[in-house]
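Visitor: I would like a close look at one part of this chain, taken slowly and set against the background of the chain as a whole. Please choose a part where the surroundings of individual residues can be followed one by one.

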Amino acid sequence: MTEQAHHSDSIKRNLKSRLNRIEGQVRAINRMIDEDVYCDDVLTQIRATRSALNSVATKLLDYHMKGCIMHKIENGSEQEAMEELLVTFQKLMKD
């Protein structure tokens, strides 16, 4: 069974708000394509959306390290926590 995160309501609201804005950006990119907007302008919007998504990932990693990973360390599972953190970083580094 997969472990579950236990984020506070404020963390969930923050992440969902960011993701909702990103969803809106993606819809805007789709409209830009339909409307034959100049390619460079579309690429600029894609870059901004990618940056926003990276920001969400960074925020989630922060919460993961301060919450899930610290919880494992506090419960005596330092090795497991470090291995999980390494795998998490490897996932984020992949393109």
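Guide: I begin with the charges of the chain, where the mean positions of the 14 positive and 15 negative charges are 5 Å apart. The model is a predicted one, and every value that follows is to be read in that light. The chain has three helices and zero strands, and read along the sequence these elements give the pattern α-α-α. A compact globule of 95 residues would have a radius of gyration near 12 Å, whereas the chain has 17 Å, and its C-alpha atoms fill a box of roughly 55 × 30 × 20 Å along the principal axes. Buried residues account for 19% of the 95 residues, while the exposed surface of the chain comes to about 7,600 Å², of which carbon and sulfur atoms supply 54%. Among contacts with a separation of 6 or more, 57% are between residues 24 or more positions apart.

The part I have chosen for the close look is helix α3, which covers residues 78-93, together with what it touches in helix α2, residues 39-74. Threonine 88 has its place in helix α3, and it counts as buried because its relative accessibility of 18% is under the 20% limit. When neighbours within four places in sequence are left aside, threonine 88 is in contact with Leu61 and His64. The second of these partners, histidine 64, is 24 residues away from threonine 88 in sequence, and the two C-alpha atoms are 9.5 Å apart in space.

Leucine 92 also lies in helix α3, but here the side of the cut-off changes: with a relative accessible area of 43%, leucine 92 is partly exposed, because that value falls between 20% and 50%. Apart from its neighbours within four places, leucine 92 is in contact with Ala57 and Leu61, so that Leu61 appears as a partner both of threonine 88 and of leucine 92. Threonine 58 is 34 residues from leucine 92 in sequence, and the distance between their C-alpha atoms is 9.3 Å.

From the side of helix α2, the residue to follow is lysine 72, which is found in that helix. Lysine 72 has a relative accessible area of 9% and is therefore buried. Its contacts, again without the neighbours within four places in sequence, are with Glu3, Ser77, Glu78, Glu80, Ala81 and Glu84. To give a sense of distance along the chain, the C-alpha atoms of lysine 72 and glutamate 23, which are 49 residues apart in sequence, are separated by 33 Å.

Two cysteines deserve a word as well. Cysteine 39 is exposed at 59% relative accessibility, and cysteine 68 is partly exposed at 23%. A disulfide is a covalent bond between the sulfur atoms of two cysteines. By the rule of sulfur atoms within 2.5 Å, the count of disulfides comes to zero.

Finally, on the other side of helix α2 in sequence, aspartate 36 is found in the loop between α1 (9-34) and α2. Its phi is near 55 degrees, a positive value in a residue other than glycine. Most residues other than glycine have a negative phi. Aspartate 36 is exposed, because its relative accessible area of 69% is over 50%. To return to the chosen part, threonine 88 is buried and leucine 92 is partly exposed, with Leu61 in contact with each of them.

How values were computed
Residues are numbered from 1 along each chain as its sequence is written. This is a predicted model: local features need pLDDT of at least 70, side-chain atom pairs count only at pLDDT 80 or more; totals for chains, interfaces and linings use all residues. Side-chain values use heavy atoms; hydrogens and water are left out. Helices (H or I, at least four residues) and strands (E, at least two) are DSSP runs, numbered from the N terminus. Buried means under 20% relative accessible area, exposed over 50%, partly exposed in between (1.4 Å probe, protein chains only). Contact means heavy atoms within 4.5 Å. The radius of gyration is taken over C-alpha atoms; the globule rule is 2.2 Å times the number of residues to the power 0.38. Accessible areas come from the Shrake-Rupley method with a 1.4 Å probe; for residues, only the protein chains shown count as cover. Lys and Arg count as positive and Asp and Glu as negative; His and the chain ends are not counted. The place of a charge is taken as NZ of Lys, CZ of Arg, CG of Asp or CD of Glu.
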